[in-house]
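Student: Please take me slowly through one part of this structure, explaining how it meets its surroundings and what each term means along the way.

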Amino acid sequence: MKAAAALLTVVLAMWAEPALAHPPPLGVRGFWGGVLHPVFVTDHVVGILALGLLIGRQERWGFVPLAVYAAALAAGLAAMTTGIVPRFANEAVLGIAMVAGLLVALARSLPQVLGAVLAIVLGLAVALDSPPEVVSVSEANLMLVGTGIGAAGFLIVVALATRQAQARWAKVGVRILGSWIAAVAVLAVALRLVR
């Protein structure tokens with residue numbers, strides 16, 4: 001009986017998949033896995049969504065925060081290729097989600113430099129919190145390129161869609177969504193601090 005249990009344990013251990021912190025979305029690897037990555041990592045979704053809502057509501061900002069976000073994202077992804085493993089990148093994403101969500105809920109006109117600073121921090125944090133967990137260097141680089149395109153595209157779509165939402169009920173809905181995002185980010189940070 002012990003031999004059968006040992007054999008079963010060995011077979012199951014050989015059959016198991018590796019445990020990954022950020023597994024490829026839906027099993028998709030390579031470039032498309034990278035594109036889908038920002039949409040399937042919850043912390044990235046709330047951070048990008050909050051900043052996109054904020055950029056979309058600040059009509060005076062124009063496209064400067066989007067451009068600096070893309071540049072910071074590219075810089076962070078380039079740093080990832082050197083093997084940098086930062087600490088607290090995930091917490092920085094959640095911090096931006098809290099701040100941006102709160103600012104969306106407040107619905108005040110803000111200086112463009114604030115949007116640029118938030119965009120730089122979020123771009124770097126999302127990039128540095130997206131290490132590809134693959135064996136091949138070429139596949140890792142493809143995933144990083146895909147992550148950059150997916151994260152930039154996601155922010156642009158949210159910002160442009162928010163800018164188009166001009167009805168009074170839509171503006172109220174954006175503020176409500178911003179407050180919910182801030183609350184979710186606060187709860188996520190609180191859970192990390194409790195552990």
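Tutor: Of the 195 residues of the protein, 43% count as buried, where buried means under 20% relative accessible area, exposed means over 50%, and partly exposed lies in between, with a 1.4 Å probe and protein chains only. This is a predicted model, in which local features need pLDDT of at least 70 and side-chain atom pairs count only at pLDDT 80 or more, while totals for chains, interfaces and linings use all residues. Residues are numbered from 1 along each chain as its sequence is written, and side-chain values use heavy atoms, with hydrogens and water left out.

The secondary structure comes to 8 helices and 0 strands, both taken as DSSP runs numbered from the N terminus, with at least four residues of H or I for a helix and at least two of E for a strand. Read along the sequence, the pattern is therefore written α-α-α-α-α-α-α-α. When contacts between residues at least 6 apart in sequence are considered, 85% of them join residues at least 24 apart, contact meaning heavy atoms within 4.5 Å.

The part to look at closely is helix H5, which covers residues 89–106. Just ahead of this helix, in the loop between helix H4 (64–80) and H5, lies Phe-88, whose phi is near 70°, a positive value in a residue other than glycine. Most residues other than glycine have a negative phi. Phe-88 has 54% relative accessibility, so it counts as exposed. On the other side of the helix, Ala-107 has its place in the loop between H5 and H6, and here too phi is positive, at about 55°, although the residue is not a glycine. With a relative accessible area of 42%, Ala-107 is partly exposed.

Two packed helices are described by the angle between their axes and the distance between the axes. Those axes are lines fitted to C-alpha atoms, for helices over the stretch in contact, and the angles run from 0 to 180 degrees between N-to-C directions. One partner of H5 is helix H6 (residues 112–128), with an angle of about 150° between the two and their axes 8 Å apart. H5 and H6 are therefore roughly antiparallel to each other, given that angles under 35 degrees count as roughly parallel, over 145 as roughly antiparallel, 65 to 115 as roughly perpendicular and the rest as oblique. H5 passes H6 in a left-handed crossing, a term used if the near helix is turned anticlockwise from the far one by less than a right angle, a clockwise turn being called right-handed. On the H5 side the contact is made by Ala-89, Ala-92, Val-93, Ile-96, Val-99 and Leu-103, and on the H6 side by Leu-114, Leu-118, Val-121, Leu-122, Ala-125, Val-126 and Leu-128. By class, these are 13 nonpolar residues, with no polar and no charged ones; Ala, Val, Leu, Ile, Met, Phe, Trp, Tyr, Cys and Pro count as nonpolar, Asp, Glu, Lys and Arg as charged, and the others, Gly among them, as polar.

An α-helix has 3.6 residues a turn, so residues three or four places apart point the same way. With that in mind, turn to another partner, helix H8 (residues 168–194), whose axis comes within 7 Å of that of H5, the two crossing at roughly 150°. H5 and H8 are therefore also described as roughly antiparallel, and their crossing is left-handed. The residues of H5 that meet H8 include Leu-94, Ala-97, Met-98, Gly-101 and Ala-105, while those of H8 include Val-174, Gly-178, Ile-181, Ala-182, Ala-185 and Val-189. The residues of this contact divide into 14 nonpolar, 4 polar and 3 charged.

H8 itself has 27 residues, which at 1.5 Å a residue should span 39 Å, and its end C-alpha atoms are 40 Å apart, which agrees; the expected span is 1.5 Å times one less than the number of residues. Its buried residues are Ala-170, Val-174, Gly-178, Ile-181, Ala-182, Ala-185, Ala-188 and Val-189, and they pack against H3, H5 and helix H7 (137–164). Of these neighbours, H3 has 13 of its 16 residues buried, so it is largely enclosed by the rest of the structure.
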